[in-house]
Amino acid sequence: MEVRNLSKVYRTEYELVHALNNMDLVFPKHGLVFIVGVSGSGKSTLMNMLSGVDTPTEGEVIIDGKSLFAQNKKELFGYRNSYVGLIFQDYNLIDDMNVYDNIKLPLELLGIKDFSVIDDILKKVDIEDIKYSSVNEISSGQMQRVAIARALVKDSAVILADEPTGNLDSKNTKIVMDLLKEISKDRLVVVITHDDDAAHEYGDQIIEIEDGRILENKVQDESINTELPVNRSTDFIQPKIGFKKQLSFTKNFIFSNIGRSLTILILMILISFIGNILCGYVFFNIEKSYTTYQDEYGSEFIKLADTYSGYTVNYNVDHYIDLFEKYYDSNLIEVYGINYYTNKDDSIEEDNFYKTEVTNLIVDDGSFEYIDGVSPNSKYPDVAQIAITDYYVDCYAFYNDGEILGIGDTIRLNGVNFTICGIVDTSYEKYINYDTSDLFTSMAFQENLEYYNAFYVSSLGQTYWWDNMTFFEEDVKYTIVTKIPAETKYSRVLMRKLTTEPASLTSTANWTNKKNGMVSKALWTDLLEMSYSDPIIASYSISFVCSTRAKYTFSLRATAMYDSMTTNLENKTEYELIVGKQLFEKYRDKQQMCKFLIRRTDPNYKKILLNENVVNQSFTFARATWNRADSSKYVMIEFIITMLLIMTVFAFIMNSMTMNAEKKKIGIKYSFGITKKDIVKPYIFEIVLYTILAFVGSFLLIKFVYPLVVNGLIYTTEQEIKEYYFFYIGLESILGWDAIVYAIMLFSLFVMVLRIVRKSPIEIIKDL
Ligand code: ADP
Ligand code: MG
């Protein structure tokens, strides 16, 4: 080892300090060499050049004929790792590792698996009794011996010690000096000291420096210039640092300052939690949420309803109108779960079965069984015959104080008297107690309704009020019985049109005199089905039944209701069946509630979802949240940006805190020859760990704690609260948010570490 023309200039704020001036020196292969000199003379600077922990401004350090600093960086790391053992005045032990682990580390970095040599070294430096002690708990003499043991354990060719006894009493000084003297027998030991006595007592060679120049170079024992008594490899070995070791660095790092680690973790969870909630608010899209919900449950429709004080109510007639007017082209479908009737005393009575209305006119083809009477057969209006069903007989009785219709009785329809000539058997009894929740039974019942609620007319069908129509074509199954008294003409037009379609509208007539029912749901459904394929047809589906139990049933174009049929008729399309506004107003107060369905394909789907309440309970809460978020979106976004800024600052502060706490350790590891990449890895592991924990933590908070909080604050049923559907959507934002946050953290970590490791190891250790 030798130095040639070595200079080091430090650039301080005010001046250039020439710590070393063109120094030339040749070291022997073994022996104890002391470097002495007054404080500030450049001893440490020289040592740092020799150890490769700092770089010279000029000149060279020659190791085995090679210039150290001319080598690539890797060589320099290898040199520090395997060629030199360093002993610092301040020991520079890694304080979150115990004595044994500190000593073991250089062996691990050399890839040595056999640690038995450590015990010999411990014995040699006389610290066996503190083998597993923390390095913070031992005396300074012991610390220095641990530092020496750490330098010795790798059995390197050179030991460099900067004031190894500077902090020791005379007894410990002697122990250390004896030790150094002994190990210098088969290697070069360079020791800096200002203790001249010790230098003269132990030194084989004494070099005195002053102002960065050699003042005196005195060899006390010529034997040091003989050949090295042992043959040891002088290769530069790159430090090897395994995954497990890295993890243990991470672990040490986290646990050496558990308070800081927990603070960081909790802050990260909280910030990300708050951020997620905010993102949930801002980026939540109720329309998307519904659609996802529908996809998930395979439902095409969503129910709409108004909510009041947390309870869902159906739409009343005013709502109908509002909705229809607002969403002009929409195909809102009424939903009657069960049939409600408002009694005189305003109580609600439920009837699942009886329908008072006649929904169909069926051409008698002789295929029906008659309980009583015969098939209708009449050509003349005033004596027109009609057959009714047993079901109809019972319905009539049900709504007419038990009055039983029979053969020979007369029914008046559209101003025409019909004589009942027969009663058809429909076996409807088997559906009387049908289970509405059973879809198939329900469907069967609905299908059969066309037979129950039908009048059977002559196959000849020549009655006076319908003989102008193309009504009795062979395949006509449905037809219209309508009662809009003054407008017969138009209802005929309507009928004519409808009978050319696959199905037609049936509205109830006022034929029961005082009781009326409602439009058959089954037929209604047919009509609505048609309306999707043919928008013109849809416009028929407005009907109006007037009676004390009136029910407004209309599915589309509420505005049509305001266009009185009695005015402007010429401008109407011939297909529109319209109820006068006055009539409507008259009965609106008696209107009952209903729910609406909206189809996924509805042109106003999005708009309606964003504006109307949706009865599906899971969304009630989401709705409220959406409204709140929607009204304060900009504030929220500003808030999020602020959060992000705080987060960025936090990430930087956190990382610099981390780095400051770790700086010295990084310097020590760096001086051992550990590369930047390997130094950064444990910190990345740490951040990854925090990331995972914080993500899981914030997700759990969002999923479980947030609902509890909301549940506590707002009274809602469990079902209403259950979904938190939008937090699943919020998951995207959790991921997005966290990704941003962790990207900032990793980036700032990199910046920190790079800034540190751009310095020389000694600068990091001293934190200049
Ligand atoms: P010694 O170890 O002999 O006491 P040093 O080698 O530490 O002396 O210092 C030699 C000179 O270089 C001193 O004047 C000291 O102030 C200066 N010096 C050392 N390190 C630095 C530095 N990083 N920046 C500026 N000046 C320095
Ligand atoms: Mg010094």
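The following paragraphs lead through several helices, a strand residue and a loop residue of this structure.

The model is a predicted one, in which local features need pLDDT of at least 70 and side-chain atom pairs count only at pLDDT 80 or more, while totals for chains, interfaces and linings use all residues. Residues are numbered from 1 along each chain as its sequence is written, chains are lettered from A and ligands numbered from 1 in the order in which they are written, and side-chain values use heavy atoms, with hydrogens and water left out.

Helices and strands are named here as DSSP runs, numbered from the N terminus (helices are H or I with at least four residues, strands E with at least two). Helix α1 comprises residues 43-50, and seven of its eight residues are buried; the term buried means under 20% relative accessible area, against over 50% for exposed and partly exposed in between, with a 1.4 Å probe and protein chains only. The buried set in α1 consists of K43, T45, L46, M47, N48, M49 and L50. Just after this helix, G52 adopts a positive phi of about 75 degrees.

Helix α3, residues 99-109, is likewise mostly covered, with ten of its eleven residues buried. Among them are V99, Y100, I103 and the charged-type names K104 and E108. The cover over these buried residues includes α2 (73-83), α4 (117-124), α5 (140-152) and α8, where contact means heavy atoms within 4.5 Å. At the N-terminal end of α3, N98 acts as a cap, with a side-chain oxygen 3.2 Å from the backbone nitrogen of Y100. Just after α3, G111 has a positive phi of about 80 degrees.

Two of the helices that cover α3, α5 and α8, also take part in helix pairs. The axes of α5 and helix α6 (residues 170-183) come within 10 Å and cross at roughly 10 degrees. Axes are lines fitted to C-alpha atoms, for helices over the stretch in contact, and angles run from 0 to 180 degrees between N-to-C directions. The two helices α5 and α6 are therefore roughly parallel; angles under 35 degrees count as roughly parallel, over 145 as roughly antiparallel, 65 to 115 as roughly perpendicular and the rest as oblique. On the α5 side the contact is made by G141, R145, I148 and L152, and on the α6 side by N172, I175, V176, L179 and I183. These residues divide into six nonpolar, two polar and one charged.

Helix α8 (residues 243-256) packs against helix α21 (residues 633-671) at an angle of about 140 degrees, their axes lying 11 Å apart. The pair α8 and α21 is therefore oblique. In α8, F249, F253 and S256 meet T658, E662, K665 and K669 of α21. The residues of this contact comprise two nonpolar, two polar and three charged.

Two single residues complete the picture. N21 belongs to strand β2 (residues 16-26) and counts as buried because its relative accessibility is 14%. Beyond residues up to four places away in sequence, N21 touches L6, S7, D211, G212 and R213. T426 sits in the loop between β21 (416-424) and α13 (439-452), and its 15% relative accessibility is why T426 counts as buried. Its side chain and that of D390 are joined by a polar contact of 2.7 Å.

Key: Nonpolar A, V, L, I, M, F, W, Y, C, P; charged D, E, K, R; others polar. Polar contact = N/O pair within 3.5 Å; in protein donor to acceptor, adjacent residues only side chain to side chain.
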